[in-house]
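Subject: A structure for you to explore

Hello! Here is the structure I promised to pass on to you. Have a look at it first, and then read on for what turned up in it.

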Amino acid sequence: MAVRLSKGPALLAVAALLISTVGDEVALVALALRGADRTGLTSVVSAQMLAGLVPGIALGGPIGRIVDRFRLDAVLGVTLALECLIATAAAAFADGPVLLIATMLFLGALGAVAQTCVMALVPRLFPASEAQLRINGVMESTRNAGYIVGPLLVGLLTAHGGTGLALGVDAGTFAFALLAVPVITRWLSATPARPSPAADTSPPPAEAAEGGLRAGLSLLWDGAQRRTALATIVVTVASTSVVNVLMPFFAQEIPGGTASYGIVLATWSVGLVVGPFVLRGRLADLPTAVAAVGAAAVIGLSYLVTAACLVLPVMLAASLCGGMANAVQNVALRTHVMAACPQEVRGRVGAAYGATLQSAVAVGFALAGLAPADGARWGILAGGAVAFAVGSAGCLRTRALVGPAPADDPVSVPPRQASEAEAS
């Protein structure tokens with residue numbers, strides 16, 4: 001029987017997630033501002049950004065093993081406590097390049113652990129696929145709201161008390177997020193350890209049971225449909241990451257200049273928040289792999305329209321649709337990967353998932369460095385076109401692989417078909 005929390009504890013857990021996400025963004029922006037202010041070197045800020053990204057890729061194996069070996073609530077609690085301590089220390093001591101980069105490195109590693117914990121917790125607490133889709137949607141909206149609030153909060157705090165105040169508040173957000181840990185502990189204690197209805201109940205190979213990132217990647221990419229979906233997403237994420245780097249250089253070509261550019265970005269952010277709610281309608285009947293890959297095609301199309309049609313209302317509409325598709329892709333792909341994952345390897349699969357997508361982002365960022373700044377619009381058109389073409393082809397192929405599968409096929413079942421377990 002699925003466990004149902006009362007409204008108060010459930011709201012507390014969601015609020016803690018929001019606050020901790022705000023904390024992640026506060027740390028990122030505040031440390032970058034401090035790096036720019038104290039060193040005046042773009043190389044330091046660039047190294048900070050890379051330091052926040054690399055741990056999720058390089059440490060995927062150890063992170064996955066830790067999450068699989070120990071209690072999820074304990075790992076999450078220790079992670080949040082360490083983030084709180086590091087943010088507090090950074091507020092007081094992180095001034096030079098080495099400490100600033102090291103702080104971002106540690107926070108990036110701890111953030112990767114926390115993200116993997118959450119990915120493993122959702123199927124553990126909500127075995128039914130429909131419930132996982134819904135909870136992943138709520139968390140995606142909450143996380144994206146944090147991405148909007150965080151930079152605004154840093155701006156206000158830095159203006160009134162400098163980056164030290166911003167990092168102090170950042171430490172407070174992680175301390176507040178610790179309030180969710182007892183709720184999760186009670187939830188785990190009341191939830192029997194049983195496989196989700198959509199999970200593959202066959203035991204993983206011996207090497208997967210003992211391995212690290214390589215084993216997680218092997219399980220992550222297992223199955224023709226999953227390989228098709230993931231390969232498509234990797235290519236589209238790399239393509240759109242190129243676009244993300246080029247967008248600031250495109251700002252002056254937008255009617256209204258940088259002011260309109262800011263509105264376009266804000267509209268995308270709004271789409272990120274409201275997008276997951278689309279999955280509560282008719283899209284919830286689609287197999288999650290098809291929804292994810294189809295959303296990737298829409299993201300590419302939105303960038304294509306944005307660069308091709310320099311009419312602000314059209315650009316805003318495209319940006320809103322792109323942000324919504326971005327959120328749908330994240331929710332659907334995460335649910336698709338984790339719903340069919342055996343419980344004993346969820347940590348490694350979750351870590352492999354994060355490492356795979358972050359690697360695609362890093363490749364896109366690197367490729368963007370080869371594009372000329374004065375050709376930003378053409379680069380955005382090319383990146384959008386590649387993402388749209390690959391996403392469309394991948395969607396057709398993924399849909400074909402679903403076929404007339406039996407109702408217990410772990411990768412083909414629409415989420416609504418697995419809801420009975422939650423109601424039991």
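Let's begin with Asp37, which is exposed, with a relative accessible area of 60%. Please keep in mind as you read that this is a predicted model. The partner of Asp37 in a salt bridge is Arg38, and their closest N and O atoms are 3.5 Å apart. Arg38 is partly exposed, at a relative accessible area of 40%.

Arg38 also has a salt bridge with Asp95, at 2.1 Å from N to O. That pair links distant parts of the chain: Arg38 belongs to helix α1, Asp95 sits in the loop between α4 and α5, and 57 residues separate them in sequence. Through shared partners, salt bridges join Arg34, Asp37, Arg38 and Asp95 into one network.

How far apart are the closest N and O atoms of Arg34 and Asp95? The answer is 3.8 Å, and this pair forms a salt bridge. It links distant parts of the chain as well, with Arg34 in helix α1 (residues 7-39) and Asp95 in the loop between α4 (72-93) and α5 (97-125), 61 residues apart. Is Arg34 buried or exposed? Arg34 counts as buried, because its relative accessibility is 3% and the limit for buried is under 20%. Asp95, at 34% relative accessibility, counts as partly exposed. If you want to hunt for others, the count for the model comes to six salt bridges.

Now zoom out to the whole chain. Its secondary structure comes to 16 helices and zero strands, so helix numbers are what you will meet in the rest of this email. Of the 424 residues in the protein chain, 51% are buried. The chain exposes about 17700 Å², and carbon and sulfur atoms supply 70% of that area. Among contacts with a separation of 6 or more, residues 24 or more positions apart account for 87%.

Next, the aromatic rings. How many aromatic pairs does the count come to? It comes to one aromatic pair. The partners are Trp268 and Tyr303, with 5.0 Å from centre to centre and 20° between the planes. The pair counts as stacked, because the planes are under 30 degrees apart. Trp268 lies in helix α11 and Tyr303 in helix α12 (residues 288-308), so here too distant parts of the chain are linked, 35 residues apart. Both Trp268 and Tyr303 are buried.

Tyr303 comes up again when you look at Thr240. Leaving out residues up to four places away in sequence, Thr240 touches Tyr303, Ile299 and Ala387. You will find Thr240 in helix α10 (residues 224-250). With 12% relative accessibility, Thr240 counts as buried.

Another residue to click on is Ala376, in helix α15 (residues 376-402). Ala376 is buried, with a relative accessible area of 1%. Setting aside neighbours within four places in sequence, its contacts are Leu246, Phe249 and Phe250. You could also compare Ala376 with Ala307: the two are 69 residues apart in sequence, while their C-alpha atoms are 9.3 Å apart in space.

On the surface, which residues make a nonpolar patch of about 300 Å²? They are Val270, Val274, Phe277 and Leu320. Val270 is placed in helix α11 (residues 257-274), the helix that also holds Trp268. While Trp268 is buried, Val270 is partly exposed, with a relative accessible area of 43%. Val270 can count towards the patch because patch residues need over 30% relative accessible area, and Val270 has 43%.

Finally, the cysteines. The count comes to zero disulfides. Two cysteines to look up are Cys309 and Cys395. Cys309 counts as partly exposed at 27% relative accessibility, and Cys395 counts as partly exposed at 21%.

If you would like a place to start, open the view at Arg34, Asp37, Arg38 and Asp95 and trace the network that their salt bridges make. Then move over to Trp268 and Tyr303 to see the stacked rings.

Enjoy exploring, and write back with any questions!

Notes
Residues are numbered from 1 along each chain as its sequence is written. This is a predicted model: local features need pLDDT of at least 70, side-chain atom pairs count only at pLDDT 80 or more; totals for chains, interfaces and linings use all residues. Side-chain values use heavy atoms; hydrogens and water are left out. A salt bridge is a side-chain nitrogen of Lys or Arg within 4 Å of a carboxyl oxygen of Asp or Glu. Helices (H or I, at least four residues) and strands (E, at least two) are DSSP runs, numbered from the N terminus. Buried means under 20% relative accessible area, exposed over 50%, partly exposed in between (1.4 Å probe, protein chains only). A disulfide is a pair of cysteine sulfur atoms within 2.5 Å. Contact means heavy atoms within 4.5 Å. Patches are made of residues with over 30% relative accessible area and no salt bridge: like charges are joined within 9 Å, nonpolar side chains (Val, Leu, Ile, Met, Phe, Trp, Tyr) within 5 Å. Accessible areas come from the Shrake-Rupley method with a 1.4 Å probe; for residues, only the protein chains shown count as cover. Rings of Phe, Tyr and Trp (its six-membered ring) pair if their centres lie within 6.5 Å; planes under 30 degrees apart count as stacked, over 60 as edge-to-face and the rest as tilted.
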